[in-house]
Amino acid sequence: MAERMRLGGILDLSTVDWYGNASLIVFFAGCNFRCPYCQNSPLIPPDSGVEVGVEVLRERIEKNLILLDAVVFTGGEPTLQPEGVEEAARAVRDYGLKLMLDTNGSMPNIIERLLKEELVDRVALDVKAPLRAEPYGRVIGLPEAGASMARRVEESLKLCNQYGVEIEVRTTVAPGISDDPDFIREIARSIRGRCTVYYLQQFDNTGNVLDESLKALEPPTRERLMELGRVALEEGVGEVYIKTRRHGLERVQI
Ligand code: SF4
């Protein structure tokens, strides 16, 4: 039976979501985290977005096919809709396109299912905080779930390594939440040797930020991100980039 999925939208063409690839971006609705800095907060409720069939995705791919290298599944959290995601991923493969899954890592069993079926080429995995109960629970806005979610993210990273897929680990750097050098140092120690690249993303206060009080805060500066990026390099992470609104993606050098 054809699966239905709830989508928040489809963006026909992006060159910045998967650098080096012209990508169609599919926003899956619903998320199980409550990160205070979330910029896609309208997509958090499970009943957000609209319900569509995979034919909607096929139409959009066909319309843009000549321009596309890849498709990116993002959200929200795509893995909360396992059947829809799998069917959508098969559709992407039918057109010979590459697929990147952008995930918060909370559903390792679904990630494994997609990897086992060889449907995903690259996983963009959020490691939002050191992989321990307190910081994880605080950063995802779910203090009670910190321990279990940190474990699940660790498991997701392990599976990605096991299946040999490209891994882009991401941390959003937000003022007072995730901008301390020791915070980044601890993440770096957990991911070194286990990811293709590490991105430090600048918190952006211009979108639909979940915790509105954060909108009044200045995003961390490019210099601050560079400094944190160097901490990650010093800890042995091989390739580190920062991503800012003004300058886009820049590689960090010691
Ligand atoms: S930033 Fe957090 S709450 Fe927002 S979509 Fe990503 S994981 Fe979900």
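The legends below describe an overall view and several close-up views of a predicted protein model.

In this predicted model, local features need a pLDDT of at least 70 and side-chain atom pairs count only at pLDDT 80 or more, whereas totals for chains, interfaces and linings use all residues. Residues are numbered from 1 along each chain as its sequence is written.

**Figure 1. Overall view of the protein, with seven helices and 10 strands.** Helices (H or I, at least four residues) and strands (E, at least two) are DSSP runs, numbered from the N terminus. The C-alpha trace spans about 50 × 35 × 35 Å along its principal axes. The radius of gyration is 17 Å, which agrees with the value near 18 Å for a compact globule of 254 residues; this quantity is taken over C-alpha atoms, and the globule rule is 2.2 Å times the number of residues to the power 0.38. Of the 254 residues, 44% count as buried, a residue being buried if 20 or more other C-beta atoms lie within 10 Å of its own, exposed if 12 or fewer, and partly exposed in between, with C-beta atoms placed from the backbone. Among the contacts with a separation of 6 or more, 69% join residues 24 or more positions apart, where a contact requires that the C-beta atoms of two residues, placed from the backbone, lie within 7 Å.

**Figure 2. Close-up of helix H5, residues 146–163, and its surroundings.** The 18 residues of H5 reach 26 Å from the first C-alpha to the last, close to the expected 26 Å, the expected span being 1.5 Å times one less than the number of residues. The buried residues of H5 include Met 149, Val 153, Leu 157 and Cys 160, and also Arg 152. Their cover includes helices H3 (108–116) and H4 (133–139), together with strands E6 (122–126) and E7 (166–173). After H5 comes Gly 164, with a positive phi near 70 degrees.

**Figure 3. Close-up of helix H7, residues 222–234, and its buried side.** The buried residues of H7 are Leu 225, Leu 228, Gly 229, Val 231 and Ala 232. They lie on the same side of H7, because they cover an arc of only 150 degrees around the axis, the arc being that of the directions from the helix axis to the C-beta atoms. The elements that cover them include E7, helix H6 (181–191), strand E8 (197–202) and strand E9 (240–244). Gly 236, which follows H7, has a positive phi near 100 degrees.

**Figure 4. Close-up of the ligand shell and of the cis peptide bond from Gly 75 to Gly 76.** The residues around the ligand, each with its C-beta atom, placed from the backbone, within 6 Å of it, include Cys 31, Cys 35, Cys 38, Arg 34, Glu 77 and Asn 104. Five residues of the shell are nonpolar, four are polar and two are charged; here Ala, Val, Leu, Ile, Met, Phe, Trp, Tyr, Cys and Pro count as nonpolar, Asp, Glu, Lys and Arg as charged, and the others, Gly among them, as polar. Gly 75 and Gly 76 also belong to the residues around the ligand, and the peptide bond between them has an omega near 10 degrees. Gly 76 is placed in the loop between strand E4 (70–74) and helix H2 (82–94).

**Figure 5. Close-up of Glu 118 in the loop between H3 and E6.** Although Glu 118 is not a glycine, its phi is positive, at about 55 degrees. Glu 118 counts as exposed because it has 11 C-beta neighbours inside 10 Å.
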